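Student: Could you take me through one part of this model slowly? I'd like a close look at the place where the two chains meet, and at what sits around it.

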Amino acid sequence: MNVFAQFLVNGIVAGSVYALIALGFALIFTASRVFHFAHGAVYTLSAFVGYSALVIFNLGTIASFASAIIIAVALGTLINEALYEPMRELGVSSFVMMICSFGLLIIITHLTAIFWGTNPVVLWRGGQETVHEFWSIRITERQLGIVGLTALLGVGLWVFFKFFRLGIAIRALGNDSELALIYGMPARKLRNISFAVGSALAGVSSLMIGFNVGIIDFNMGFDVILMATVAMIIGGLGNVSAAAGGGFILGVIQNVALWKIDSKWQMALSFSILILVLLFRPSGFFGEKQSAVGL
Amino acid sequence: MEYAIYLCTLIAIYTTLALSLNLLVGYTGLISVTQAGVYGIGAYVTALLALNVTHDLLLTMLLSASAGVAISLLVALPALRLKNEYFLIATIGFQSIIFAMFMNLDITGGPNGLYDIPDPTLFGLVIKGSASKLAIAVALALLCYFVSLRVTNSPFGRLLRAVREDQTAVASIGKSVFRIKVSVFVFSAIFAAAAGTIYVFCLKAIDPVAFTIDESIFIITLVIVGGTGSLNGSVLAAILLILLPECFKFLPIPDAVAPQLRQVFYGLLLVLFTRFRREGLVGKYQDVLK
């Protein structure tokens, strides 16, 4: 029982990592209906900028987070302004934007590799770490921090999208952008805000996760964004906090499965879940009613 | 000279892969990310047959293509029920699952892959030397080109174009859009898997890294740069995208950076073409990628 509980707790910690990145990804999706894969590149680049500020230039933790967030916000809004918005004006489908986003993910990922090298770099050497024990289940202070931050952001965004005018406006925009325009909503501005906030979340979470793992590498965004996609779909599209829920579910399933299945099959397992959800429950576990099925 | 033959072989293989995917993209408007996986299935089946059973070229190619078809049906039957973006994400899922199998199963040799693969035989004659293997690769690419041309100009090709233009209209005259899409998928898988056979016999060793999701995206890049629905475009794109990065060799770039720069170049093309020229280099059907 205790082993199972430990796997469960590990799953929640791993899940909050997916949830953190999925929150920003889903926020952007909710506003723009674009699968913004380049979000993974924003995540990677901001981690490396934070690393440079902290380790290379020795500016301290606050400056490290600040620079990561600034670069993430700048890059995220730039991508929207320079690519998605002009494509949207031309009437290009979000399907093509998604492919464009893939190209961007490749470009930024490999540029990061050119500037910072292909070897992983050490962000945080660790050191004394407080370990809490609850009924013989171990969890470190930093892991608690990540879970707490994710829960806070998940609940905060749920409140924001449920009760605040701006949040409701962004949801309305995602549901029907033409109707939103007819009602005179500043659609482009709202989308830019969503890209900025979503990217800022990527900036924070990349460093948080970097501190937890200790090392970062140029490829970190690629798998993470795929897992965020899985998290968002199993959580349910169109509901930002549901993506966090999806992240937790994914993390827990992956870790509890470690009991029986070798860790090398984790990716395959996650995608099998994704395919099953797409086929049998396209609206996800907590999402709005909508269908991915059709010609 | 040996290197030039190697490059030409690569061009022939990627031409086959791009043509096979182009039929799918150009005529159903669906982009599959599983192409590298199907290509890999063809390669692994060929390698295993050549090591254990037979290295007859035509026989291995036939069996590999059958395996490719089987896998692609497994992908297509569920995935084709999904709409654009969800279809693409589901195929990313299948690609990752297939890759995990290459990487983790014992029979595929894990991360080391399979090596010491014998030369193929054709009608009892052993095919040695890279030049004659190049000839086989080119023959497959030509076959793929002319079959695609024949298919697209046939009554079935008209039906495919109709599916591309207006699915509802096709469905309304009693044709099954789903069945048409599945047959294109199968057709596409046959040539992708056959390209895998050629790849194995030319390189005589395979490892899973050749069949990653990046490889799938590269094949998609070829189709988009060439032009969706344009067979000539896919051939041109394969030639250009294999040869152009070779020019980096003449620039003063450190060796470690060159492969990264190559990826940046491919990514840049994908972004620029989806943003500014969705009809590709020679395509005319802009409406497929609208």
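Before we start, what is the mean pLDDT of chain A, and what percentage of its residues reach 70 or more?

Tutor: Good place to begin, since this is a predicted model. Chain A has a mean pLDDT of 85, and 94% of its residues reach 70 or more. Within chain A, confidence is highest in α3(A), with a mean of 93, and lowest in strand β2 (residues 131-134), with a mean of 71.

Now to the meeting place. On the chain A side there are 38 residues, in contact with 36 residues of chain B. Four elements of chain A each give two or more residues to that side: α3 (61-89), α4 (94-116), α9 (220-235) and α11 (266-280). The biggest giver is α4(A), with 15 residues. Sort the chain A side by class and you get 29 nonpolar residues, 8 polar ones and 1 charged one.

Let's cross over and look at one helix of chain B, α11 (residues 258-276). Here's a little check you can follow. The helix has 19 residues, so at 1.5 Å a residue it should span 27 Å; the end C-alpha atoms are 26 Å apart, which agrees. Plenty of α11(B) is buried, including Q260(B), Y266(B), L269(B), L270(B), V271(B) and F273(B). And what do the buried residues pack against? Partly their own chain, through α9 (213-226) and α10 (231-243) of chain B, and partly α3 and α4 of chain A.

We've met α3(A) a few times now, so look at a partner in its own chain. Two packed helices are described by the angle between their axes and the distance between the axes. For α3(A) and helix α8 (residues 187-213) of chain A, the angle is about 145° and the axes are 7 Å apart. Their crossing is right-handed. The contact is a mix by class: 13 nonpolar, 9 polar and 4 charged residues.

Next, follow chain A through α2 (residues 39-56), a helix of 18 residues. From first C-alpha to last, α2(A) reaches 25 Å, close to the 26 Å expected. Most of α2(A) is covered, with 15 of its 18 residues buried. Just after α2(A) comes N58(A), with a positive phi of about 55°. R33(A), in the loop between α1 (2-32) and α2 of chain A, also has a positive phi, near 60°, and R33(A) isn't a glycine. R33(A) counts as buried because 20 C-beta neighbours lie inside 10 Å.

Chain B has a case to set beside that. K204(B) sits in the loop between α8 and α9 of chain B, and has a positive phi of about 60° although it isn't a glycine. With 15 other C-beta atoms within 10 Å, K204(B) is partly exposed. Now find C202(B), in helix α8 (residues 177-203) of chain B. C202(B) has 20 other C-beta atoms within 10 Å, so it is buried. Leaving out residues up to four places away in sequence, C202(B) touches T9(B), K133(B) and A137(B). D119(B) is 83 residues from C202(B) along the chain, and their C-alpha atoms are separated by 8.4 Å.

For a contrast, go back to chain A and pick out L166(A), in helix α6 (residues 165-175). L166(A) is exposed because just 12 other C-beta atoms lie within 10 Å.

Terms used:
Residues are numbered from 1 along each chain as its sequence is written. Chains are lettered from A and ligands numbered from 1 in the order in which they are written. This is a predicted model: local features need pLDDT of at least 70, side-chain atom pairs count only at pLDDT 80 or more; totals for chains, interfaces and linings use all residues. Two residues are in contact if their C-beta atoms, placed from the backbone, lie within 7 Å. Ala, Val, Leu, Ile, Met, Phe, Trp, Tyr, Cys and Pro count as nonpolar, Asp, Glu, Lys and Arg as charged, and the others, Gly among them, as polar. Axes are lines fitted to C-alpha atoms, for helices over the stretch in contact, and angles run from 0 to 180 degrees between N-to-C directions. A crossing is left-handed if the near helix is turned anticlockwise from the far one by less than a right angle, and right-handed if clockwise. pLDDT is the predictor's confidence in each residue, from 0 to 100. The expected span of a helix is 1.5 Å times one less than its number of residues.
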